[in-house]
Amino acid sequence: MTKVSFRVDPALHDAVLRRAYGANLSLSAFIRQTLEQAVDNRKRYVFSSQDEILATSIQILSILATSVGRRSPETLEQGMAQARTILAERGLLGEEEAQ
């Protein structure tokens with residue numbers, strides 16, 4: 001393989017590192033796949049194989065959150081706070097959403 005080196009702003013580096021962690025990939029593997037996506041003439045999303053699983057999970061969790069929220073709003077708020085923390089750690093929330 002050819003080795004590529006380039007400089008990026010520290011904030012961009014941190015954001016890409018969080019996204020790689022969130023995708024359970026090394027930084028190199030994440031960047032490699034992102035570059036492959038950029039040159040794919042079919043314009044596929046690299047992680048599209050997980051989209052259906054994600055959509056189903058969101059639907060299930062939405063139903064569960066609604067049920068828990070009706071029974072115990074405090075429990076729902078605590079769970080949502082924990083979820084925001086985990087999502088922020090994995091770079092899946094913007095800075096304003098993580099707070």
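The loop between α1 and α2 holds Asn-24, and this residue makes a friendly place to enter the predicted model. Asn-24 has a phi near 60°, which is a positive value in a residue other than glycine. Is Asn-24 buried or exposed? Its relative accessibility is 70%, so Asn-24 counts as exposed, the cut-off for that class being over 50%.

On either side of this loop lie two helices that pack against one another. Such a pair is described by the angle between the two axes and by the distance between them. For α1 and helix α2, which covers residues 27-39, the angle is about 95° and the axes are 9 Å apart. Helix α1 is therefore roughly perpendicular to α2, since angles of 65 to 115 degrees fall in that class. From α1, the residues that make the contact are His-13, Val-16, Leu-17, Arg-19 and Ala-20, and they meet Leu-27, Phe-30 and Ile-31 of α2.

Helix α1 itself spans residues 10-22, with Leu-12 among them. Leu-12 also belongs to a nonpolar surface patch, in which it is joined by Val-4, Phe-6 and Val-8. Together, these four residues have about 390 Å² of accessible area. Leu-12 has a relative accessibility of 44% and so counts as partly exposed; this value also meets the patch requirement of over 30% relative accessible area.

Another residue of helix α1 is Arg-18. Its relative accessible area is 28%, so Arg-18 is partly exposed as well; the class lies between the limits of 20% and 50%. Which residue is found 7.8 Å from Arg-18, C-alpha to C-alpha, although 74 residues separate the two in sequence? That partner is Leu-92.

The wider picture of the protein chain can be given briefly. Its secondary structure consists of 5 helices and 0 strands, so that the order of elements from the N terminus on reads α-α-α-α-α. The chain has 99 residues, of which 9% count as buried. About 8,400 Å² of the protein chain is exposed, and 57% of this area comes from carbon and sulfur atoms. As for contacts between residues at least 6 apart in sequence, 33% join residues at least 24 apart.

Conventions: Residues numbered from 1 in each chain as written. Predicted model: local features only at pLDDT ≥ 70, side-chain atom pairs only at ≥ 80, totals over all residues. Heavy atoms only, no water. Helix = DSSP H or I, 4+ residues; strand = E, 2+ residues; numbered from the N terminus. Buried < 20%, exposed > 50% of the residue type's maximum accessible area, 1.4 Å probe, protein only. Contact = heavy atoms within 4.5 Å. Areas by Shrake-Rupley, 256 points an atom, 1.4 Å probe, with all protein chains shown as cover. Patch = residues over 30% accessible without salt bridge, like charges linked within 9 Å, V, L, I, M, F, W, Y side chains within 5 Å. Salt bridge = Lys/Arg side-chain N within 4 Å of Asp/Glu carboxyl O. Axes fitted to C-alpha atoms, helices over the stretch in contact; angles between N-to-C directions. Parallel < 35°, antiparallel > 145°, perpendicular 65-115°, else oblique.
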